[in-house]
Amino acid sequence: MAGEVSLNGSMHGTHDHVGGNYLNATKGLKSWLLTLDHKRIGIMYLVSVCIALALGGTFALLLRTKLLHGGYTPEAAAFIGSSKDYNQWMTLHGAVMVFLFMIPAIPAAFGNFVLPMMLGAKDVAFPKLNLFSYYLYFTGTVMFLVVLVMGGLDTGWTMYAPYSIVHSKTAVPYATLAVFILGFSSILTGLNFIATIHKLRPKGMTPFRMPLFLWAIYATSVIQVLATPVIGILTFMLFIEKIMGIGFFNPALGGDPLLFQHLFWFYSHPAVYIMVLPAMGVINEVIPTFSRKPIFGYKMMAFSSLAIAFIGFVVWGHHLFVSGQSPFANVAFSAITLTVAVPSAIKVFNWVSTMYKGDIHFTTPMMYALFFIYLFAIGGLTGIFLTALPGNIHTHDTYFVIAHFHFVMVGAVIFGFLAGLNYWWPKITGKLYNNKAGVLGSVLIFLGFNLTFLPQFVMGLKGMPRRYANYAQEFEIYHQLSTAGAYLLGVGFLTVLLYLLASLAKGKKAPSNPWGAASLDWQSTSPPHMHNFEKTPLMGDPYDYSLVSHDEKTGGYVRKPGEGSSAHH
Amino acid sequence: MSSTATAEPAHAHGHHGHEKNLAHHFDTMEQQFDAGKIGIWLFLATEVLFFGGLFTVYSIYRANHPQLYHIGQYFLTWEMGAINTAVLIFSSLTAAWAVRAAQLNQKKILVSMLVITFLCAATFMVVKYFEYSHKIHEGVLWGQAFNPSDAELNHVIEKIEHKGGDPKAIEFLEAIKERPVAEKKDMVAPLQMFFSIYFFMTGLHGIHVLVGMGLIAWLIVRASKGQFNNRYFAPVDSVALYWHIVDLIWIFLFPLFYLIG
């Protein structure tokens, strides 16, 4: 069994250690840095995106602290930084969170770890390319750190021209190159996953017998491959613009700044779905597992992911409603954007229907999934306010927009990410965490999140503009509530960090399948064997929970033998 | 793989351990080849979108300033562009032939086709070098750097007259001669833009040609060591596909810049 695997294990150079799990099969720093194992690469991404989250979160706390008091005074500036500092924190919070955390978080970390295992495969289609993607991500991240040292960035994460090319004195060229490199990391990851899902599915696993997480990753990968090249070329243009003065977006040289906005949002709107779809994929796994019921409306879930990916490509103009684009374009983009509500609502209804009359277990991942539905519903409904042209013009560039996209996009990624982290943690590390601490952490994060962003809806409607370092006195109470929420959110994240570290140190050994999930990834040991499965896993419906039964001996669940066929490729 | 999997006759395991080019996570050479094929086609899609952003820039400025694309075209030497087009189309043929040779185990033909493809790419870059260096010498450059010499302007005016004349274009070029060019901002801005787009697009395409030359050189080394055969030729196939897209992009660039004014 395991012996045969080693015959072709030459790419890993690890076949001498057959029998160990992927964490202890080989040792030393080099065995990690040069690994071709999708699980180790997944962990490298996981650690990296968590560091990025901490960095982006620190900037958020800095800017929220700055906003504790309205009324700019030199004394206050000496204490908590000037408006210039604020511009930098605001920009770096956005840029770090978007490019370094939200885009790679779920697909690159969990996608890498789980996707081949859900297929019963040994690795992704192109393991070397996978490692290369990671190093592109790593290089882009280091370049962002260089940006911090080289004078920061004050353009907003959107880097709109002509401010970024003519006026900004900060490290715009480094930032554009960083985004360019990060873009290629994202493209290559997407390309790898598409090829893997097409060619490494076991015989008998038809597309509609895949776990829905894979459909979500597939839809995400399509966007990554088709949208990211456009921001790639755009950041390259911006870089060349900055060093050679070609004038594409500089009105003084006959360029058109609006063209920059169109090209920027042609990527950056679909990018929202690069962030949200994988989070939805995680929720698709968590809710049926902890409701002990098959997912409701499987095919609609699969198609709605593709529909969201497709519609996402043709709505970018809704970011430009007040830019002076033609009224016809405004109406068209408004109408098309409204249609996104349909597949999104299908997903929400299906999650709720899955839980209906289910045997619901309030585990930590399930808590995040439940909160996810709430946040996504509020975020989605306020999106309809923003899509309607009159509502948009009233709330354009106010905190209402900030609150909307934090609910719908950031909420989705954070809660989807934490749901996934808590769901797959026993599989990844082989350790169980304290569920009570997990639930406490989820509640703190949920309360902190709402306290941060609900007041922003209100002050946005009252006219508080986004991206301002200073404000009128009437907004102070909302800002203070919001800042208090941000601190609470920070405490919540620390709680998560603490109990997860505690589980690493002295957590109980995790059984193969602690949750009773039915997808193939749970048939490996925890942590998995270096080639994922010691025995070819048994295939079956990924949402048929009658295929597993509780096992008193290990405290987990085991696959009932004799049902379903082996997952041969 | 499990013992049950090995016992199953339908499962193509016969090559395991014998195929030295088969990666451990694939079961058959066919599966590995198909995965690679999907990968390279997706990569070509990203290339199309990558250049798509630039074609958008081209279209927008062309729609806004059609007359200046008309004048800008006279600064380019269409004969050179035409030679390069022919060279690249021919190199696409030899690249495709190389794939066929690999599939048929024809090592000598494979190596010679790859060498011819490489030489075509080099010819393209040499022609490009003459074009670029002439423009740099005469100040026909991008954006702020656009400051054409009188000799070049006279040459272009002559060219237009030779073609039957275009009073408006000639008047415009005569006006540029009164320096400094930078002071005629509104007037020359679109022409500056024309050359920004020209250099950006052809430059990026040139970088792709250089990358292609590197890849073809790598193939030549591997092919002469006899590493490709009818069961393993995916690298030749993939690089050839890449080379075709590089040709295809040029086939769009050539008429858009050199021919349709």
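N147(B) counts as partly exposed, at 41% relative accessibility; on this scale buried means under 20% relative accessible area, exposed over 50%, and partly exposed in between, with a 1.4 Å probe and protein chains only. N147(B) is found in the loop between α5 and α6 (150-162) of chain B. Helices here are DSSP runs (H or I, at least four residues), numbered from the N terminus. Not counting residues up to four places away in sequence, N147(B) touches E138(B), G139(B), R179(B) and V181(B), where contact means heavy atoms within 4.5 Å. K177(B) is 30 residues from N147(B) in sequence, with 9.4 Å between their C-alpha atoms.

A word on what you are looking at: this is a predicted model, in which local features need pLDDT of at least 70, side-chain atom pairs count only at pLDDT 80 or more, and totals for chains, interfaces and linings use all residues. Residues are numbered from 1 along each chain as its sequence is written, chains are lettered from A and ligands numbered from 1 in the order in which they are written, and side-chain values use heavy atoms, with hydrogens and water left out.

**Salt bridges**

Let's turn to the charged pairs. A salt bridge is a side-chain nitrogen of Lys or Arg within 4 Å of a carboxyl oxygen of Asp or Glu, and the count comes to 7 over all chains. The table shows some of them.

| Pair | N to O distance |
|---|---|
| R466(A) and D397(A) | 3.8 Å |
| E30(B) and R231(B) | 3.8 Å |
| K128(B) and E131(B) | 3.2 Å |

R466(A) lies in the loop between α17 (435-461) and α18 (476-506) of chain A, and D397(A) in the loop between α15 (389-395) and α16, so their salt bridge ties together parts that are 69 residues apart in sequence. R466(A) counts as buried, at 17% relative accessibility, whereas D397(A) is partly exposed at 40%.

In chain B, the salt bridge between E30(B) and R231(B) links distant parts of the chain: E30(B) sits in helix α2 (residues 29-64) and R231(B) in the loop between α8 (185-224) and α9 (234-259), 201 residues apart. E30(B) is partly exposed, with a relative accessible area of 43%, and R231(B) is partly exposed at 34%.

The third pair in the table stays within one helix: K128(B) and E131(B) both lie in α5 (residues 107-138) of chain B, 3 residues apart, about one turn of the helix. An α-helix has 3.6 residues a turn, so residues three or four places apart point the same way. K128(B) and E131(B) are both buried.

**Nonpolar core and surface patch**

Which residues touch the most other members of the largest nonpolar core? They are F101(A) and F249(A), in a core of 273 residues. Such a core is a set of buried Ala, Val, Leu, Ile, Met, Phe, Trp, Tyr and Cys residues joined through side-chain atoms within 4.5 Å. Helix α5 (residues 83-118) of chain A supplies the largest share of this core, with 23 residues.

There is also a nonpolar patch on the surface, made up of F138(A), V142(A), L145(A), V146(A), L148(A), V149(A), M150(A) and Y174(A), with about 660 Å² of accessible area together. Patch members have over 30% relative accessible area and no salt bridge, and nonpolar side chains (Val, Leu, Ile, Met, Phe, Trp, Tyr) are joined within 5 Å; the areas come from the Shrake-Rupley method with a 1.4 Å probe. Helix α6 (residues 127-149) of chain A gives the most to this patch, with 6 residues. Y174(A) lies in helix α8 (residues 172-199) of chain A and is partly exposed, at 33% relative accessibility.

**Buried polar residues in chain A**

N422(A), in helix α16 (residues 399-429), is buried with a relative accessible area of 0%. Leaving aside neighbours within four places in sequence, N422(A) has contacts that include Y368(A), Y433(A), Y499(A) and W515(A).

T495(A) lies in helix α18 and is buried at 16% relative accessibility. Beyond neighbours within four places in sequence, T495(A) is in contact with A437(A), L440(A), G441(A) and L444(A).

T35(A) is found in the loop between α2 (29-33) and α3 (38-66) and counts as buried, at 7% relative accessibility. The C-alpha atoms of T35(A) and K128(A) are separated by 8.8 Å, though the two are 93 residues apart along the chain.

Technical notes: Helix = DSSP H or I, 4+ residues; strand = E, 2+ residues; numbered from the N terminus. Patch = residues over 30% accessible without salt bridge, like charges linked within 9 Å, V, L, I, M, F, W, Y side chains within 5 Å.
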